[in-house]
Amino acid sequence: MERIKNEEIRQSDSYLKYQEFATSIRSHCIRMTNRGRSGHVGSMLSMADLLAVLYEKILRVKPENPKWPERDRFILSKGHGGAAVYAVLAEKGFFPMEWLDTYYMDNGKLSGHISHHIPGVEFSTGSLGHGLPVAAGMALAAKQAGKTHKIFCLMSDGDCNEGSTWEAIMFAAQHKLDNLTVIIDYNRIQALGKMEDVIEMEPFAKKLEDFRWAVCEIDGHNYDEIEDVLSKVPMIKGKPTWILARTVKGKCVDYLENTVSCHYKYIADDKLDEAIKGLGGQL
Amino acid sequence: MRATFNKTLVELAEKDNRIFMVLADIGYGEIEPFAENFPDRYYNAGVAEQNMTGIACGVAMEGNIAITYSIANFPTLRCLEQIRNDVCYHNANVKIVIIGGGMAYGPLGISHHSTEDLAIMRALPNLVVLAPSDCIEAKAATEAMIAHNGPVYYRCGYKNEKDIHRGAIDFKIGKAIEVTEGNDATVIYTGTIGYNAFEAVHSLERQGIKCRLISMHTIKPIDKEAILKAANETGAIVTVEEHNINGGLGSAVAEVLADHSAVGVKFKRIALPDINVSLVGSQEWLRGKYGMSSDAIADTVKALVFSKTS
Ligand SMILES: Cc1ncc(C[n+]2csc(CCOP(=O)(O)OP(=O)(O)O)c2C)c(N)n1
């Protein structure tokens, strides 16, 4: 049943649109990190499909008016993946495409970690464990002011090692912040190893349920599942939503997939074309 | 420099089984020899610096030497109260090591720049503050840090720093090293920006200005004697640090001069302005933007030497 449904979706316009968008995000990230001789490409590839659905369908934002007061707020807590959000924002017209060429360069516009100096970026991060408390504060202020926009925070599993994240988890449940949605890019790889060898979080979903969040586990590369859950938040009235999106670090470049080293590598010049070609038509 | 630190630490841990490493998910490509050689003395606390520092403190309270280790501000500012209350107050034998002092992580941006650390760490009682300037100092500082009984902060560079010293040095905590003799002015530096100061002093020498060059590898306790002697003998002091203008090396030197009523000494601090750096670029490019290239340092020293005292 499930498979037949996916086949149908694969034919659909929105599926192709997401796929095209995600492919362009990935290819920008591969080029930007290559040019900058910089790391974190695996982290970017991991969350590209989540970003594609968020910015194609879910987030209410206006490229021509990035500070539109009614906009949905999006915070990238894993700031080291910032290039992927920069790629999204350039594609959506928040700033000129040429800025992407200056990523990581002397006198460049775009720094390695995401910066609020860039139109469309809500908040600067780079030190893990900062995103969720700030997102919860924004959710609290929205509720207090009777506003209806939503707050989304995209986090990594490493982000969840930090105590500050858990402090915010308890706060958000306490204050019934159902306008707040967390998406975990759950690739299960951190900076020095796999989660099972560093800090194991499982049973992750159960932990969050016990902490009084509405929790749902999805395949973070399946557009259907991503769109479905994100269109329905809050899942439970009065509870913040925690989406555990299972992903593959380095997704779509086979030799990077599921490796710790893809946190540090960039794709070298002689492998660039092959990698970008390999992205096309990936299902 | 981080490679030098890690190599030296492994050598020391070989001989001293009290040395533990408690790190916070950072050190890829550098810490593996320690992890492999001493698996029962190596722990990754995950991305959790407060816990890392608390765990290290507990380990040290039981008679061990515990190293905490991560990038830039993560092992300092992220867990500042653990350092203050747990480590410093209890005089625990914890060594706090940061990788990438100053703007070593250049284009990664402000979250990865450690540019207020000297001021903040220097304000904590019991804490020794070290900032080696090249790999020769880095090795000696690692050995001195482990030999010292008590908390130490160690501001490590990143990679490919050029050596300033030629051959062996006499490294003692709290005792500055005179790199170059001279009496026209004194340049006091700390950390890896020292190489630019070194080049500046050489270019000034070619112009007939002979500067004394001092490596202030220990910010606390600061070497008062070397500062006062320089003031007395050269009459002009320029401090150079890759750090916010507030509270770091320049401030520490100025405090010594003021406390000893060293009036009439010409004095200038070269440091970062008191801003959040939002420019994007490599460490050397950023240094240039903020007046810390060798040429800019030389110009500043020259201007001070030829300035009139009011
Ligand atoms: C407070 C803090 N400590 C350490 C780091 C260094 N660091 C950058 S990414 C990372 C972990 C990468 O794994 P994860 O957070 O799961 O992200 P992803 O796998 O999605 O890249 C670490 C430790 C940091 N950015 N912030």
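Modeller: Contact here means heavy atoms within 4.5 Å. By that rule, 31 residues of chain A are in contact with 25 residues of chain B. The model is predicted: local features need pLDDT of at least 70, side-chain atom pairs count only at pLDDT 80 or more, and totals for chains, interfaces and linings use all residues. Residues are numbered from 1 along each chain as its sequence is written, chains are lettered from A and ligands numbered from 1 in the order in which they are written, and side-chain values use heavy atoms, with hydrogens and water left out.

Colleague: What makes Arg78(B) and Glu162(A) a salt bridge?

Modeller: A salt bridge needs a side-chain nitrogen of Lys or Arg within 4 Å of a carboxyl oxygen of Asp or Glu. The side chains of Arg78(B) and Glu162(A) meet at 3.5 Å, N to O. The pair therefore qualifies. The count between chain A and chain B is one salt bridge.

Colleague: What is the area buried between chain A and chain B?

Modeller: About 2100 Å², with carbon and sulfur atoms giving 57%. Buried area is the accessible area (1.4 Å probe) that two parts lose on being put together, summed over both. Interface size is often given this way.

Colleague: Why is the link from Lys78(A) to the ligand called a polar contact?

Modeller: A polar contact is a pair of N or O atoms within 3.5 Å; within protein, one must be able to donate a hydrogen and the other to accept it, and residues adjacent in sequence count only if both atoms are side-chain atoms. A side-chain N or O atom of Lys78(A) is 2.8 Å from an oxygen atom of the ligand, so the pair passes. A backbone N or O atom of Leu128(A) is 2.9 Å from a ligand nitrogen. A polar backbone atom of Gly158(A) is 2.9 Å from a ligand oxygen. Alone, the ligand exposes 580 Å², and the protein buries 99% of that (Shrake-Rupley method, 1.4 Å probe; for residues, only the protein chains shown count as cover).

Colleague: Where does the ligand lie?

Modeller: Between chains A and B. Around the ligand are 24 residues, each with a heavy atom within 4 Å. Among those that come nearest are Ser43(A) and Glu49(B).

Colleague: What is the omega of the cis peptide bond that joins Val233(A) and Pro234(A)?

Modeller: Omega is about 0°. In chain B, the bond from Lys220(B) to Pro221(B) is also cis, with omega near 0°.
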